[in-house]
Amino acid sequence: MKRFSWDEMMNRYPAFFAIILLVVALIINFILQPNMFARDTLNSNMRVFLPMILLAAGQAIVILGGGIDISVGGIVSIVNTILATQVGLNGSPEKMWTFVLVSLGAGILAGAINGFFIAFLRLQPIITTYATSFLYVGFALFILPNPGGGIPAEIANVYRNTTPLGLPLAFYVIAVVLLIWMYIRSTRFGNYLYAVGGNAEAAYETAVPVTWVLFSTYVVSGFMAALAGIAITMLSGSGNAEIGVPMTLTSITAVVIGGTALSGGIGGVAGPVVGAITLGIIQNIISFSRIDTWWETFVKASIIVVALAAPGVINLLRRKKV
Amino acid sequence: MRKFSISPPVAAILLAIVLFLLSGFLPNGFGNDINVAIAQATNIVRLAVFLGVIAAGQTLVIISGFEGIDLSAGAVVTLAAILTYVTVKGEDDKVLLALLISLAVGALIGFINGLGITFLKISPFVMTLGMSGVVTGLIIIINHGNVSGKVAPIMTRLIARPLSPDIPIPNAIIIWIIFGFLMWLLLERSTFGKHLFAIGVNRVTAKLSGVNVTATNLAVYSLAGALAGFGGFLLVGNTGVVFINLGQPFLFPSIAAVAVGGTLLSGGKGSYWGTMAGAIVLTLITSLLTTMQMPDSVRRMVLGATLLVMISIYGRQRGFRQ
């Protein structure tokens, strides 16, 4: 039998470390909150994690392609304000459906704007999406200057309380996202994505349509951000133009904790999904461990830094030994 | 066919001058009064000093390449400002000590960033993002809601006031000019600067040509931290008060200033003059939008659109088809 090899596991499965981290976090969370696997607790946790999971999955596609998308939070905000102002607290389910479609269109459009500047005009992703994040958050503020509005409680409850076969709705959404990802990965587009992320010049030389692949990653990210916006609106039930702003950097952290390298071309979508759940559980642990409120930010950030550093420390120690 | 080209710092300064002249036509602009115009221009440059100094460290880190970026700059600025505030306690003779503490603490944080990036192979984006969280956490712990301290009179005199009643140039601008000259010496006339550009262009060739890549990288991040600390010291000298969110609003503008100034975000090419010009343009646009009393939403959208236009003009990467 082949001996278990750490290096091989780390190389072949970039999400390997993310899963270890998730298991550790789950165990700690379980000790602090023994009922966490009860149906209601599980559902209330998962519905909070879902927006970030969707956002991280979209971000992962962009990062795999060698870019980065700082405007995702802005897209979440736009979708949230569209739904909160257009559907309203007394809106009908038909109206909700219409504006869900409008929101998805808005997300795709916003992603296409990013993609146009980055793929066709060849601007640098980080600064371009930083600029568009101003456009998008500004637009969200334009739609809804002050927090308010919302969607009907009955519609929000569909998201909050649907548990088919006793499992949270989020599980089904995650399963669908992962299945689609597995399919995409097996297609030609999947190969192109890794090729462009790994070395765009070389991919171009070998006749990969680099421009279109790059463009499409931002469109996917915009679409996923719109889904995340819909999810977070149904979770909160109300509108706030700043709702997405703090989510951007968290989504990037989730991707990296999930083993997908910021340099592009390494990793996948499953890892970032696990990373997003792990970040949510870390937040849970912190609120259940009853640490001093003043220390919360410090403890949380330290845990994240340690989690980011751990694979590097392990590699460093192993290299010393050999 | 030779394409029309203009160096980014010059373009940025030209843009600033044109915008400033146009702003004279605004209802509450300077109109025909040359003295008011000069006073306004001086004031904008004075405000740009703080962004410019904070962006200095960012310039170095970005030139060093390898996705280099410092997202902890904002938190370090706040920490240095708070430390200065509590150390000085209104006494002139403690100012030098406070300056040294600011520089040392900044350098230490930057050094930790450098360790994580060089030895643990954490990508600079997430390493410095995580560090930003840790430093913010520290600030919350130290601060505990309120700090008692005071800025020394000598700081206000040296930073916020003009040189003498006859010469209406604020000292901050003079400090900035000297600072800019020192940065030029560092980048263009020192061995460190040569090594910095070398590792920014290509780490492997730099290493083969005898550059100590590890040491240079550690030095760059430490220096960037120290410069952010210096920025915090200057900032508190100008504002006279500290609060938890003092430095964070400077973070992304500092990256934008570097990009607008023509420094490639992929590293290896750039100048501090460009960053200075970028800082002036960004400050000018922000203050113009404020004077025009635009709502927050429009302000953000205009800022985002301007940034997009500016980087579209000269921030483009080389096309694949060469």
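Axes here are lines fitted to C-alpha atoms, with angles running from 0 to 180 degrees between N-to-C directions. The model is predicted.

Q: Why are α2(B) and α12(B) called oblique to each other?
A: Happy to walk through it. The axes of helix α2 (residues 34–63) and helix α12 (residues 272–291), both of chain B, come within 8 Å and cross at roughly 135°. Over 145 degrees would count as roughly antiparallel, and 65 to 115 as roughly perpendicular. The crossing falls in neither range, and α2(B) and α12(B) are therefore oblique.

Q: Which residues of α2(B) and α12(B) make the contact?
A: Among them are B:Leu47, B:Leu51 and B:Ala55 of α2(B), together with B:Ala279, B:Ile280 and B:Leu284 of α12(B). The residues of this contact divide into twelve nonpolar, five polar and no charged. As for its hand, the crossing is right-handed.

Q: What makes B:Arg300 and A:Glu242 a salt bridge?
A: The rule asks for a side-chain nitrogen of Lys or Arg within 4 Å of a carboxyl oxygen of Asp or Glu. For B:Arg300 and A:Glu242 the N to O value is 3.0 Å, so the pair qualifies.

Q: Where do the two partners of this salt bridge sit?
A: The pair crosses between chains: B:Arg300 lies in helix α13 (residues 296–314) of chain B, and A:Glu242 in the loop between β2 (238–239) and α12 (247–257) of chain A. Across the interface of chain B and chain A the rule finds one salt bridge, while the structure holds four over all chains.

Q: How much area do chain B and chain A bury between them?
A: About 4400 Å², with 75% of it on carbon and sulfur atoms. The contact takes 47 residues from chain B and 44 residues from chain A.

Key. Residues are numbered from 1 along each chain as its sequence is written. Chains are lettered from A and ligands numbered from 1 in the order in which they are written. This is a predicted model: local features need pLDDT of at least 70, side-chain atom pairs count only at pLDDT 80 or more; totals for chains, interfaces and linings use all residues. Side-chain values use heavy atoms; hydrogens and water are left out. Helices (H or I, at least four residues) and strands (E, at least two) are DSSP runs, numbered from the N terminus. Angles under 35 degrees count as roughly parallel, over 145 as roughly antiparallel, 65 to 115 as roughly perpendicular and the rest as oblique. A crossing is left-handed if the near helix is turned anticlockwise from the far one by less than a right angle, and right-handed if clockwise. Contact means heavy atoms within 4.5 Å. Ala, Val, Leu, Ile, Met, Phe, Trp, Tyr, Cys and Pro count as nonpolar, Asp, Glu, Lys and Arg as charged, and the others, Gly among them, as polar. Buried area is the accessible area (1.4 Å probe) that two parts lose on being put together, summed over both.
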